[in-house]
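Please describe the metal site and the main pocket of this protein. Keep it short.

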Amino acid sequence: MERVNAWTTYKKREEKKVMDLGKAYRAFLDSGKTERECARETIRRAEKAGYVGLEKVEALKAGDRVYVNTMGKAVQLYIIGSEPLEKGLNIVGAHIDSPRMDLKQNPLYEDTDLAYLDTHYYGGIKKYQWVTLPLALHGVVAKKDGTVVDVVIGEDEEDPVVGISDLLIHLSATQMDKKASVVIEGEALDVIVGGKPQKDVEKEPVKAAILAILKEKYGMEEEDFLSAEIEVVPAGKSRDFGLDRSMIIGYGHDDRVCAYAEIEAMFRITDTPKYTCCCILADKEEIGSVGATGMRARYFENTVAEIMDKTGEYSELKLRRAMTNSRMLSCDVSAGYDPAYAGMFEKKNAAYLGKGVCFNKYTGSRGKSGSNDANAEFMGKLRAVMEAGKVVYQTAELGKVDQGGGGTIAYICALYGMNVIDSGVAVLSMHAPWEIISKADLYEAVKAYHAFLLNA
Ligand code: MN
Ligand code: MN
């Protein structure tokens, strides 16, 4: 049952492909640090690859490529297959939201000659990891007149960055005795944004100076924060990690590494596939797949209905058959085995960096609760598909039984009765500001998703 390390399988030419793919992925990661930016970058690439907005197409036929943009935060890509849609689609689905801090609706205040932006964190984070780091602000400000202004501060070399302070060690006797879950509390995640008072202002002069900058740069008033979505993320680009450059450290590998593997696999399909291929990039997974752009919204099902209509195949019954007969990889990251925390993993069933794409038959916690437990028959078929595609893969579950757990979008699509299994790339320091993956696992994920889309 020992799984091979993918790096040992590469000859020189293939190893170069692994490194080139890592470089291309880093560019994708750096160009999309929020779900909005990631969706926009995906659509830009899709249009370049010949995909057309579904709303612009009157009729669809086999071989056509279309995309759907859901509120700028979720994207679907489709390649119409030669078989009727009611025979099901081959689907790969990932999420493009990542843990971070969001500005509150009334965020700006001044305290003791410093200006702050108050936040509410998004997704599961260890709050103590987010202090004393250079942070950037990414997002949009929607004004009353309907205009939407993009904000990105802290990524350009010449840009200022912002950040959250921590107590100096010299005065930390009380703090150091606290539990890690409360050593930095949620309300303490306030971002310092200024420290220079405006000369002619009496009341809150530092805040006034910040407002003047926002007015000048973005034409925004303080009240415009009410209709803004500004995310606070680690500032700076991803980097090669390790002296051998075998890994990448970056913000938001969860789950943009699988998102990237999916779109790369889609773009590598040049012919007309047998079954319609579908790539879903969903939002809001980290907070339970809620909202109009989360996987629990009906945009996927509705899009399949639209596509069936445009291929002249639509009926309510055929739509239901299409959903039930589909096959899906729910593509999300796995917990990478960490030798420094060996006690939290069960070695026979852990995901190892470098051992290829990982399949999780089930996720969940405390007796598989909340999991999509994939069918053995489906896993059996996938083993054959992976072996035919010469994919290096491994299987795992998330840590030791009763140590914790997690969920993905798998269970939501399984509600339609389709076969779904979790599959993804192992990550070290998951949900930390800077996460680590192996380039070999990304490479094997692209191969796996490509083989799945064409042969499942
Ligand atoms: Mn995830
Ligand atoms: Mn996550």
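Asp254 and Asp332 are both buried. This is a predicted model. Both residues serve as donors to the manganese ion (ligand 1), together with His95. The coordination distances run from 2.1 to 2.5 Å. His95 donates through NE2, while Asp254 and Asp332 use OD atoms. In sequence, the donors follow the spacing H-x158-D-x77-D. Asp254 and Asp332 link distant parts of the chain, 78 residues apart. Asp254 belongs to helix H6 (residues 253–267). Asp332 sits in the loop between strand S14 (327–331) and strand S15 (334–335).

There is a second manganese ion, ligand 2, 3.3 Å from ligand 1. Asp254 coordinates both ions.

Helix H6 also holds Glu264. Is Glu264 buried or exposed? Glu264 counts as buried because its relative accessibility is 19%, and the cut-off is under 20%. Setting aside residues up to four places away in sequence, Glu264 touches Leu21 and Val446.

Now the largest pocket. Its space comes to about 1200 Å³. Its lining takes in 40 residues. Ala335, Leu398, Gly405, Met430 and His431 lie nearest the centre. Strand S15 and strand S19 (405–406) are the elements that give two or more residues to the lining. The lining divides by residue class as follows.

| Class in the lining of the largest pocket | Residues |
|---|---|
| Nonpolar | 13 residues |
| Polar | 19 residues |
| Charged | eight residues |

Two domains contribute to this lining. Domain 1 (6–98 + 251–455) and domain 2 (100–234) each supply at least three residues.

Terms used:
Residues are numbered from 1 along each chain as its sequence is written. Chains are lettered from A and ligands numbered from 1 in the order in which they are written. This is a predicted model: local features need pLDDT of at least 70, side-chain atom pairs count only at pLDDT 80 or more; totals for chains, interfaces and linings use all residues. Side-chain values use heavy atoms; hydrogens and water are left out. Donors are N, O and S atoms within 2.8 Å of the metal (3.2 Å for Na, K and Ca); water is not among the atoms, so sites may look incomplete. Helices (H or I, at least four residues) and strands (E, at least two) are DSSP runs, numbered from the N terminus. Buried means under 20% relative accessible area, exposed over 50%, partly exposed in between (1.4 Å probe, protein chains only). Contact means heavy atoms within 4.5 Å. On a 1 Å grid over the protein atoms alone, a cavity is a set of points where a 1.4 Å probe fits but cannot get out, and a pocket is an open set with protein on both sides within 12 Å along at least five of seven lines; lining residues have an atom within 4 Å of a point. Grid points are joined across faces, edges and corners, and a volume is the space filled by probe spheres set on the points. Ala, Val, Leu, Ile, Met, Phe, Trp, Tyr, Cys and Pro count as nonpolar, Asp, Glu, Lys and Arg as charged, and the others, Gly among them, as polar. Domain bounds come from an automatic or database domain assignment.
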